[in-house]
Protein chains: 2
Amino acid sequence: MRKLLALFILFFLLSGNITRAQKGDSLVIRKIFTEAITDTAAYHNLRYLCTQIGGRLCGSPQAEKAVLWSKATLVAMGLDSVWLQEVRVRHWERGKTEELAVSQGTSPAIRLHACALGGSVGTGKAGLKAKVVEVKDFDELKTIGRKNIEGKIVFFNHPPDPVHYNTFEAYGALSRYRVFGADNAAYYGAIGVIVRSATLSHDDFPHTGIMHYADTVPKIPAMAVSANDADKLDRLLKSKSGSDVLMKLSCIENPEAVSYNVIGEIRGAVSPEKIIAFGGHLDSWDTGQGAHDDGAGVVQSMEVLRIFRALNMKPACTIRAVLFMDEEMSQRGAKKYGEYARAQEEAFKNSRVAVDSMAGEVKPQLAGSHHVAAIEADRGGFTPSGFSIDASDGQISKIQGWKDLLLPYGLYSLVKGGSGVDIRELKSLGTALLALVPDSQRYFDCHHSANDMFGNVNMRELQLGSFAMAAMVYLIDINGL
Amino acid sequence: MRKLLALFILFFLLSGNITRAQKGDSLVIRKIFTEAITDTAAYHNLRYLCTQIGGRLCGSPQAEKAVLWSKATLVAMGLDSVWLQEVRVRHWERGKTEELAVSQGTSPAIRLHACALGGSVGTGKAGLKAKVVEVKDFDELKTIGRKNIEGKIVFFNHPPDPVHYNTFEAYGALSRYRVFGADNAAYYGAIGVIVRSATLSHDDFPHTGIMHYADTVPKIPAMAVSANDADKLDRLLKSKSGSDVLMKLSCIENPEAVSYNVIGEIRGAVSPEKIIAFGGHLDSWDTGQGAHDDGAGVVQSMEVLRIFRALNMKPACTIRAVLFMDEEMSQRGAKKYGEYARAQEEAFKNSRVAVDSMAGEVKPQLAGSHHVAAIEADRGGFTPSGFSIDASDGQISKIQGWKDLLLPYGLYSLVKGGSGVDIRELKSLGTALLALVPDSQRYFDCHHSANDMFGNVNMRELQLGSFAMAAMVYLIDINGL
């Protein structure tokens, strides 16, 4: 009975300590919130990135400008270290000609809102003129078969399924036609492919995005048509037989270019070898300004460092913003950073073994570094609801233990789930991976289209995302993982 | 010990039942979600209300059109009952002239983005030309005093405080200058008043809204200036002495007009005398289209009834949409509905006493009605996060018990708090009052301005609000309160 009593007392003492620690944390988090929601630096950075640099496809002059600008902006913050990490990237260009038109008999051709998919080959100057076969999915393509497809253009008209709260689930089902539509159509002898835009909205914006070519089938030109014009094309194809479609694309695949990840950090005051990384991607599609995808993630990551500096917070671990190059095409930046992190991890392990085996009390600094956690911000600059966490159950539980600190700021959701493609290379290092999760309802209205503009980002929503990341970085730094 | 065991068993049995009941509820709620997020009726209704009718100040021809259109739309749904409730309303008009300009010496006058506050008197054709006294708040006004204010125009330039997660808190602090600025300035002898727009955004839209005149001081003309131009006016006033401001307003106060609350309901299959009401307000400011404020709440309330009909759900209680007239000016519609509900409640109580005292088993139908709950939707058509609940602790606990059913749809917040001005009259009847709470970050970018347009409403966000209300109505109906 006495033991039980002692245990009870211990429990209450411990829970008292937790409460006191959390009270201290809640004050710091309030300060971080105040700084994030008051200062307009991130919003003005986004304005510059979007309106003065604009869409920044990897390998393009705009991507180069974005590298120089973000490096200079990080340097101006007075960080402990800012550096570039060289990455070789594809340098695909859309070209000037993008035309998709339907003609029926002698009527004038009807021009549709369409654009090249990222990585598509061109059509040659004359373009492709052919009959169109409309299908809903890969099963229907298979059923129709080569005899009905050969020499024609395939139109994947897969409608969005609105019945998911999280719009990324609907997007997943749609984007497969964009990515693998050309391969699948070419396999049955198609000469071109048109894909309904991967969006839940009903408008005139065509949405681009990466597509894949297999080595085993011919590379055929591929375009996205807007949701409204996918419906129109469907009606035209059904209303009369004998519709011809003209596709014209002047895409160019240039030689690979040299580009960079941009990295800035505040060195840890206690354990500089432990890294808490966070980032978004610098490159974007060229159809819009890359505001939500992923200008938002870039400026929010920079803002985390600015907030720590502004509040004179000295993190125990090194906190590091990584602005990845080439998320949209081939994730070369992510791979490069992954290689670097693995080499650092290896050096860290060896150094730790060596240092631990040394006699005496004064041990030298550990070499290399270990990534404790990485946070990716690449789901748009909308009001955040929390984080999706790809980590051990113990780490997830620990993060969930901070929920009362985050709930006053609308961050209610701390759940197990995927993170993002730019940080997944760190998974094998035992790094806890997190994704900032904003409200997803409007993301695919903008995503990869001319609608992804600075004017569609709300300052407060953007600031709340910076806050959420900075608060999470603080909590991981102070509590460990 | 046996008693304890029996209690334990009972507890587990009961909790088992709750789980089974909740599983059934979760399936129904999934159906409600699917219907709400798939059907586009609410969005198209909002399109009509905003683009074909437009801004609809109470007493205006547009408000009249909105009454007729919403009634016809409810009738077309095949409800059990649709009726109008007559309300006498103010009929104020902005007039054609709205001018605010600053002149310094012989330089050309600088025109500012400004509009009349709702209910303001006009200036007469010549307008008012006077020096301006800028103050931050009522304290500063008092300090400056009559000798510096008499014969001048007072400019309340109270900046928004961004440091609240919920933007309604910042709005509360700002709107007092709009509502009581004229009274306070006139008390010290001012001849006109200019108020910085009650918004957190930095743009050129002036935001109108109701203002108050006391009987004890002269009625002076009152305008709102956009946030950007409030900053500009501040700079102009500080940069040189001798700035004159010209205010011109041609507002008209017409005789009171007859208008209506519009009510539609599905009669309860079990307890028709028990009412679950929900609504928004039909009137809006005239500067924009009244899309978020409160076209959204109107079409969402209508949509709750459509969803019940479409799913062939027969509620036990009567479920009723109330589209209130005149929320913006004087809440005459709310008062009228409150009177009606109180009379019904009185009849219900008397009838219940009479019926309960009768002998025999077959008792006649109860007269009158009792409002179990009322939900107000008047905070914009943005992604909802839950409900604010003004009810007894027991009722709040019961509603919070449904949180696991609502969380998959982002409805994480079921907290004690205020509801809304259109339903507060029901408070004295013991009715549980709820407000639908959407994300507040963008609301005051639109609120009461020319920016409150249909194009600024996202279809899915709107649909999620309809869903949230329909799910809450279902849960209250099936579980009681």
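Here are a few friendly notes on this predicted model, running from the sheet in chain B to the pairing of the copies and one helix of chain A.

1. **The sheet.** Chain B holds an open sheet of eight strands with mixed pairing, in the order 1-10-12-11-13-16-14-15. Its edges are strand 1 (81-93) and strand 15 (413-416) of chain B; each has a single partner strand, so one side of each is left without a neighbour in the sheet. From one strand to the next, the twist averages 20°.

2. **One edge in detail.** If you want a pair to look at, try strand 1 of chain B with strand 10 (residues 252-266) of chain B: they run antiparallel and share 12 bridges. Within this pair, B:Arg88 sits opposite B:Val258 of strand 10. Helix 3 (residues 61-76) of chain B packs on the sheet here, touching strand 1, strand 10 and strand 12 (317-324) of chain B. The direction of helix 3 makes about 10° with that of strand 10 of chain B.

3. **A second helix on the sheet.** Helix 10 (residues 393-400) of chain B also packs on the sheet, where it touches strand 14 (384-390), strand 15 and strand 16 (432-438) of chain B. The angle between the directions of helix 10 and strand 15 of chain B is about 175°.

4. **How the copies are related.** Chain B superposes on chain A by a rotation of 180° with 0.0 Å of shift along the axis, at an RMSD of 0.0 Å. The two copies are thus related as by a two-fold rotation axis. Which residue of chain B comes closest to the rotation axis? That is B:Tyr412, whose C-alpha lies at 3.5 Å. Of the interface residues of chain B, 95% are also interface residues in chain A, so the copies meet through the same surface.

5. **Helix 9 of chain A.** This helix (residues 332-356) has 25 residues and spans 36 Å from its first C-alpha to its last, close to the 36 Å expected at 1.5 Å a residue. Its buried residues include A:Tyr337, A:Ala341, A:Glu345 and A:Phe348. In an α-helix, residues three or four places apart point the same way, because there are 3.6 residues a turn. The cover over the buried residues of helix 9 of chain A includes strand 1, strand 10, strand 11 (271-281), strand 12 and strand 13 (370-376) of chain A.

6. **An exposed residue in that helix.** A:Asp356 also lies in helix 9 of chain A. Is A:Asp356 buried or exposed? With 9 other C-beta atoms within 10 Å, A:Asp356 is exposed. Its C-alpha is separated by 35 Å from that of A:Gly420, 64 residues apart along the chain.

Notes: Residues numbered from 1 in each chain as written. Chains lettered and ligands numbered in written order. Predicted model: local features only at pLDDT ≥ 70, side-chain atom pairs only at ≥ 80, totals over all residues. Pairing = 2+ DSSP bridges. Helix = DSSP H or I, 4+ residues; strand = E, 2+ residues; numbered from the N terminus. Axes fitted to C-alpha atoms, helices over the stretch in contact; angles between N-to-C directions. Contact = placed C-beta atoms within 7 Å. Least-squares fit on C-alpha atoms with pLDDT ≥ 70 in both. Expected span 1.5 Å × (residues − 1). Buried ≥ 20, exposed ≤ 12 C-beta atoms within 10 Å, placed from the backbone.
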